[in-house]
Amino acid sequence: MKVEEIDVNRQIGRIGEILNAREKKRGILIQALQQIQAALGYLPEESVQELSKKLNLSMSEIFSVASFYRMFYFKPRGKKILKVCLGTACYVRGSKNVLNALEQEFNIKSGETTEDLALTLETVGCVGCCGLAPVTTMNENVMGEITGSGKLKAIIQSIRE
Ligand code: FES
């Protein structure tokens, strides 16, 4: 969704009847940020500026709300988002080695994205599949038992495709 398509009154719904104009705008801020990110993959500064004008909220107000939530990103993200679980079970079964191998293979650190935007590498706490440790997720698909080099090679290959 483009910023100009955001309709404060329509999106706020009936609750808007008891809110003043400023409260309404703040009320749809997160939803608007989610829509921008869903469309563009992250929150480009130009879009945040447009939203700032549209909602008459300062840039710092918008950034302070957006940066509170881990779900918002201010830089472009990779086509593939690979998360290595560093929860206790995965860590004990070698997930740090998996992370190190991926960092070395793609020449990025955890939290970074490759220049070609093919991969964003991140770490995550327990994803609830401890029996499959060590676990990674790729765009929300869980891959477990990354214990041998075969599975790691398959992951690397799928990123390079
Ligand atoms: S610790 Fe990794 S899935 Fe639970």
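This report walks through the fold, the salt bridges and two buried residues of a predicted model.

## Overall build

Let's start with the big picture. The protein has seven helices and four strands. Going along the sequence, these elements come in the order α-α-α-α-β-α-α-β-β-β-α. With a radius of gyration of 20 Å, well over the 15 Å from the globule rule for 161 residues, the protein is more spread out than a compact globule. The C-alpha trace fits that picture, spanning about 60 × 30 × 25 Å along the principal axes.

What share of the 161 residues is buried? Buried residues account for 39% of them. As for contacts, take those between residues at least 6 apart in sequence: 57% of these join residues at least 24 apart.

## Surface and charge

The exposed area of the protein is about 9,600 Å², and 50% of that comes from carbon and sulfur atoms. On the charge side, there are 21 positive and 18 negative side chains. The centres of these two sets sit 3 Å apart.

## The salt bridges

Side chains of opposite charge can pair when their charged atoms come close. How many salt bridges turn up in the whole structure? The search gives three.

Two of the bridges involve Glu-122. In one, Glu-122 pairs with Arg-77, with the closest N and O atoms 2.4 Å apart. Arg-77 is in the loop between helix H4 (59-68) and strand S1 (80-85), while Glu-122 is in strand S2 (residues 119-124), so this bridge ties together parts that are 45 residues apart in sequence. In the other, Glu-122 pairs with Lys-83, and here the closest N and O atoms are 4.0 Å apart. That pair links strand S2, home of Glu-122, to strand S1, home of Lys-83, across 39 residues of chain. Put together, Arg-77, Lys-83 and Glu-122 make up a network of salt bridges.

Then there is the bridge between the side chains of Glu-105 and Arg-160, at 2.8 Å from N to O. Glu-105 belongs to helix H6 (residues 95-106) and Arg-160 to helix H7 (residues 149-160), so the bridge ties together parts that are 55 residues apart in sequence. Glu-105 counts as partly exposed because its relative accessibility is 37%, which falls between the 20% and 50% cut-offs.

## A closer look at Glu-122

Is Glu-122 buried or exposed? Glu-122 is buried, because its relative accessible area is 14% and the cut-off for buried is under 20%.

So who are its contacts? Leaving out neighbours within four places in sequence, Glu-122 is in contact with Tyr-73, Arg-77, Ile-81, Leu-82, Lys-83, Val-84, Ser-110 and Gly-111. Both salt-bridge partners, Arg-77 and Lys-83, are on that list.

## Val-3, ahead of the helices

Over to the start of the chain. Val-3 is in the segment before helix H1 (8-12). Its relative accessibility is 6%, so Val-3 counts as buried.

Which residues does Val-3 touch, not counting those up to four places away in sequence? They are Ile-36, Ser-47, Glu-50, Leu-51 and Lys-54. As for Cys-85, its C-alpha atom is separated from that of Val-3 by 35 Å, and the two residues are 82 apart along the chain.

Terms used: Residues are numbered from 1 along each chain as its sequence is written. This is a predicted model: local features need pLDDT of at least 70, side-chain atom pairs count only at pLDDT 80 or more; totals for chains, interfaces and linings use all residues. Side-chain values use heavy atoms; hydrogens and water are left out. Helices (H or I, at least four residues) and strands (E, at least two) are DSSP runs, numbered from the N terminus. Buried means under 20% relative accessible area, exposed over 50%, partly exposed in between (1.4 Å probe, protein chains only). The radius of gyration is taken over C-alpha atoms; the globule rule is 2.2 Å times the number of residues to the power 0.38. Contact means heavy atoms within 4.5 Å. Accessible areas come from the Shrake-Rupley method with a 1.4 Å probe; for residues, only the protein chains shown count as cover. Lys and Arg count as positive and Asp and Glu as negative; His and the chain ends are not counted. The place of a charge is taken as NZ of Lys, CZ of Arg, CG of Asp or CD of Glu.
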